[in-house]
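Student: Hi! I'd like to go through this protein with you, bit by bit. Can I just ask things as they come up?
Tutor: Of course, ask away.
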Amino acid sequence: MYSASSPYRIITVCTGNICRSPMAELMLTEAFDAGGLGGAVVVDSAGTTAYEAGHPIDPRAARVLSTHRIHSEKHVARSWRPEWFRERDLILALDVDHYGWLHEAAPDSQTLAKIRMLRSFDPSVTGRSTLDLGIEDPWYGGHHDFDVAWDLIRAAVPGIVAHTRAVLAAERLGAEQHGQHYDPQQVRSIS
């Protein structure tokens with residue numbers, strides 16, 4: 001349906017990239033695959049710090065994902081790279097401090113427009129302040145805290161999928177109206 005040569009790129013961002021952001025990455029990847037957008041959308045994740053770089057996903061996060069039949073064995077934590085501001089189409093912060101960090105590091109206003117709180121896509125929190133949209137770090141807690149993180153991420157997933165589907169449809173329509181071959185990356189770079 002869409003060009004696999006230049007997919008829509010989403011990145012999820014937390015602190016160490018071993019709990020919340022890989023959970024969100026893998027949950028979104030599963031949702032896009034299930035929705036028939038797996039070839040058109042690529043999701044990855046990163047941390048704002050290098051504290052956990054090179055480490056696997058937290059076993060408690062892996063447990064929650066495994067319970068829902070999502071595999072996480074291949075995840076390796078990594079820290080944010082500045083070029084991802086340019087290379088990603090949607091940058092999703094998992095907590096308020098990540099959102100602030102990304103805003104401060106963003107090189108320009110075009111990049112700022114790409115940064116959103118992940119939970120801003122959850123219809124149950126529509127109209128709430130950005131300060132109310134964070135997902136607390138479950139690393140400091142127990143299994144229940146990872147279940148809570150799962151629930152909060154999961155509530156936003158359909159909205160992110162719908163948003164992405166709408167962006168891709170608008171880009172495709174715009175390209176077709178101008179008699180161009182649809183290439184998501186090319187269209188986004190000129191919009």
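Student: Let's start with Tyr-140: is it buried or exposed?
Tutor: The model here is a predicted one. In it, Tyr-140 has 67% relative accessibility, so it counts as exposed, the cut-off being over 50%.

Student: And Trp-139, how does that one count?
Tutor: Trp-139 counts as partly exposed, because its relative accessibility is 40%.

Student: OK, new topic: how many aromatic pairs are there?
Tutor: The count is 3 aromatic pairs. Take Trp-80 and Trp-84: their ring centres are 5.7 Å apart and their planes stand at 90 degrees, so this pair is edge-to-face. Trp-139 and Tyr-140 also form an edge-to-face pair, with 5.1 Å from centre to centre and 90 degrees between the planes.

Student: Which residues do ring pairs link into a cluster?
Tutor: That cluster holds Trp-80, Trp-84 and Phe-85. Both Trp-80 and Trp-84 are buried.

Student: Switching to the sheet. What order do the strands come in?
Tutor: The order is 2-1-3-4, in an open sheet of 4 strands with parallel pairing. Strand 2 (41-47) and strand 4 (115-117) are at the edges with a single partner strand each, so each has one side without a neighbour in the sheet. From one strand to the next, the twist averages 25 degrees.

Student: How many bridges join strand 3 and strand 4?
Tutor: Strand 3, residues 90-93, pairs with strand 4 over 3 bridges, in the parallel sense. Within that pairing, Ile-91 has Ile-115 of strand 4 as its bridge partner.

Student: Which strands does helix 1 touch?
Tutor: Helix 1 packs on the sheet and touches strand 1, strand 2 and strand 3. Its direction makes about 175 degrees with that of strand 2. Helix 4 (residues 96-105) packs on the sheet too, touching strand 1, strand 3 and strand 4, and its direction makes about 170 degrees with that of strand 4.

Student: Now helix 2. Which residues in it are buried?
Tutor: Arg-60, Ala-61, Ala-62, Val-64 and Leu-65 are buried there.

Student: Hang on, an arginine? Why does Arg-60 count as buried?
Tutor: Because its relative accessibility is 18%, and buried means under 20%.

Student: What is Arg-60 in contact with, leaving aside its neighbours within four places in sequence?
Tutor: Arg-60 is in contact with Pro-138, Trp-139, Gly-141, Gly-142, His-143 and Phe-146. A polar atom of the Arg-60 side chain lies 3.1 Å from the backbone oxygen of Trp-139, the partly exposed residue we met earlier.

Student: And what happens at the start of helix 2?
Tutor: There, a side-chain oxygen of Asp-58 comes within 2.7 Å of the backbone nitrogen of Arg-60.

Student: Which residue with a positive phi follows helix 2?
Tutor: That's Arg-69, with a phi near 65 degrees. Most residues other than glycine have a negative phi. Arg-69 sits in the loop between helix 2 (59-67) and helix 3 (84-87).

Student: Where is Asn-17, then?
Tutor: Asn-17 is in the loop between strand 1 (8-14) and helix 1 (20-34). Asn-17 has a positive phi near 65 degrees, and is not a glycine.

Student: Last one: are these two buried or exposed?
Tutor: Asn-17 is buried, with a relative accessible area of 0%, whereas Arg-69 counts as exposed at 73% relative accessibility.

Methods: Residues numbered from 1 in each chain as written. Predicted model: local features only at pLDDT ≥ 70, side-chain atom pairs only at ≥ 80, totals over all residues. Heavy atoms only, no water. Phe/Tyr/Trp six-rings, centres within 6.5 Å; stacked < 30°, edge-to-face > 60°. Buried < 20%, exposed > 50% of the residue type's maximum accessible area, 1.4 Å probe, protein only. Helix = DSSP H or I, 4+ residues; strand = E, 2+ residues; numbered from the N terminus. Pairing = 2+ DSSP bridges. Axes fitted to C-alpha atoms, helices over the stretch in contact; angles between N-to-C directions. Contact = heavy atoms within 4.5 Å. Polar contact = N/O pair within 3.5 Å; in protein donor to acceptor, adjacent residues only side chain to side chain.
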